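Biologist: I'm new to this one. Could you walk me through how to read it?

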Amino acid sequence: MKTIDDFAVAGQRVLVRDDLNVPLDDGQVTDDGRIRAALPTLTALKDRGARVIVCAHLGRPAGQPDPKYSLAPVAARLGELLGRPVPLAADVTGPSAQAAVASLRPGGVVMLENLRFDARETSKDDTQRGLFADELAALAGLYVSDGFGVVHRKQASVYDVARRLPHAAGYLVRAEVAALRRLTAGIRRPYVVVLGGAKVEDKFGAIGDLIGVADRILCGGAMAFPFLAAQGHKVGTSLLAAGQVDLARAALDLAARAGTAIILPSDVVVAGERAANAPHEVTAADAIPPDRMGLDIGPRTARLFAAILGEASTVFWNGPMGVFELAPYADGTRAVASALASSKAFTVIGGGDTGAAIRALGFPDSAFGYISTGGGASLEFIQGKTLPGLAVLDEPCIQTSQVPTQTDPEEVRHEEQPQ
Ligand code: ADP
Ligand code: MG
């Protein structure tokens, strides 16, 4: 996998795919973690005199322009962090984008509007995606993949455009791959995986591949209920979707044969509703009352999980142990975070909400081995799956419009000096 260090980028138009899908509240970026994660690559490119074109998506617009999902707040925040304004094109690959790119000077940075304003970005039709990728590729001479959170998606700006331009990984993608590789080969044992959160369906997709690789899988959050139900316990009004109990039963069978222990909560914090001020109590996991929902692992479970994590040499954690956003249900997540923070194990945290949880609970990023910016992408990576956006970086491009070579320094006029 080549990185941006392998290319002479001075004067080149470089299209960078970032993952800038940040939470917004009233038009303000509430957590700029993903924007910050994009900075090392963008700063290096601009300092080396590249003409930088940033592309990204935000939210789920319906394949057409929608002001609600404009990248304007993101471009503004990126400009603040880079110390110079980042102009935002009014369209993705249209006249405004082309004009913005044409006026780019070496060391300058512009942003294209939300990629998902064009339905072809996420189309299942290769031809449609290809046509959009052609338009994106026409804007630049080099493609840089740095949006790790999207590399598991076969989308035009992630996959197809890399086939059309010389390409390189950015520093974020390189760092993510280096950290996550340590969870796929030469793993130091015991290897403990902690799964929680609410996107239970996604996590069931991973669990089958982790069984047999991990020594122990600790299940908290809403991930625990299908398993408790599979063991014949009632889970009250806890989050539980149809079909999940069968998946859990199959996972338990597989784990028993593979020698991987799936460890479930023995107690849970329950309440009548998901609210901070609802009366709540701790019950045994096999005695959740019919009108109560489990919103956190209980204290006995938290102690057990912390003890197991204290003996691990490698840990991957994806998914909070409870509804950490509400103070009464944050203790389980806090217990896992503090066990990892004080452990000597190589610890990797994946998942947008899990990263947000440790920050909200006041843990410094430096307390953990690596905090992945990708939820689905990191989970698929450690399952050993082929991620289209990474695989394509190891392939040559099919249509080379313009191969970057050593640029004549005379050609590069630093009209805009990088700051
Ligand atoms: P990540 O983004 O880290 O992969 P998810 O998106 O799967 O995590 O889940 C995060 C959400 O899970 C949080 O908003 C949290 O409130 C919720 N959650 C955790 N435990 C429970 C639970 N027992 N019941 C309902 N929601 C839960
Ligand atoms: Mg999430």
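Modeller: We'll go from a strand to its neighbours and then to the ligand, keeping in mind that this is a predicted model.

Biologist: Let's start with β15. How many of its residues are buried?

Modeller: In a regular strand, side chains alternate between the two faces of the sheet. For β15, which spans residues 346-350, five of its five residues are buried. F346, V348 and G350 sit on one side, T347 and I349 on the other, and both faces are covered.

Biologist: Which strands does β15 pair with?

Modeller: To find partners, look for the bridges. Strand β14 (residues 314-318) runs parallel to β15 and is joined to it by five bridges; V315 stands opposite T347 there. Strand β16 (residues 370-371) is also parallel to β15, with two bridges, and V348 has Y370 as its bridge partner.

Biologist: What links these parallel strands along the chain?

Modeller: Follow the path through the helices. β14, helix α11 (residues 331-341) and β15 form a right-handed β-α-β unit. β15, α12 and β16 form a right-handed β-α-β unit too.

Biologist: And which element gives the most to the shell around ligand 1?

Modeller: That's α12, with three residues. The shell has seven nonpolar, nine polar and five charged residues.

Biologist: Which polar atoms lie by the oxygen atoms of ligand 1?

Modeller: Check the distances. A side-chain N or O atom of D353 is 2.9 Å from a ligand oxygen, a polar side-chain atom of N318 is 3.1 Å from one, and a polar backbone atom of G352 is 3.5 Å from one. The protein covers 92% of the 580 Å² of accessible area that ligand 1 has on its own.

Terms used:
Residues are numbered from 1 along each chain as its sequence is written. Chains are lettered from A and ligands numbered from 1 in the order in which they are written. This is a predicted model: local features need pLDDT of at least 70, side-chain atom pairs count only at pLDDT 80 or more; totals for chains, interfaces and linings use all residues. Side-chain values use heavy atoms; hydrogens and water are left out. A polar contact is a pair of N or O atoms within 3.5 Å; within protein, one must be able to donate a hydrogen and the other to accept it, and residues adjacent in sequence count only if both atoms are side-chain atoms. Accessible areas come from the Shrake-Rupley method with a 1.4 Å probe; for residues, only the protein chains shown count as cover. Helices (H or I, at least four residues) and strands (E, at least two) are DSSP runs, numbered from the N terminus. Ala, Val, Leu, Ile, Met, Phe, Trp, Tyr, Cys and Pro count as nonpolar, Asp, Glu, Lys and Arg as charged, and the others, Gly among them, as polar. Buried means under 20% relative accessible area, exposed over 50%, partly exposed in between (1.4 Å probe, protein chains only). Two strands pair if DSSP finds at least two bridges between them. A crossover is right-handed if, with the strands pointing away from the viewer, the path from the first strand over the helix to the second runs clockwise.
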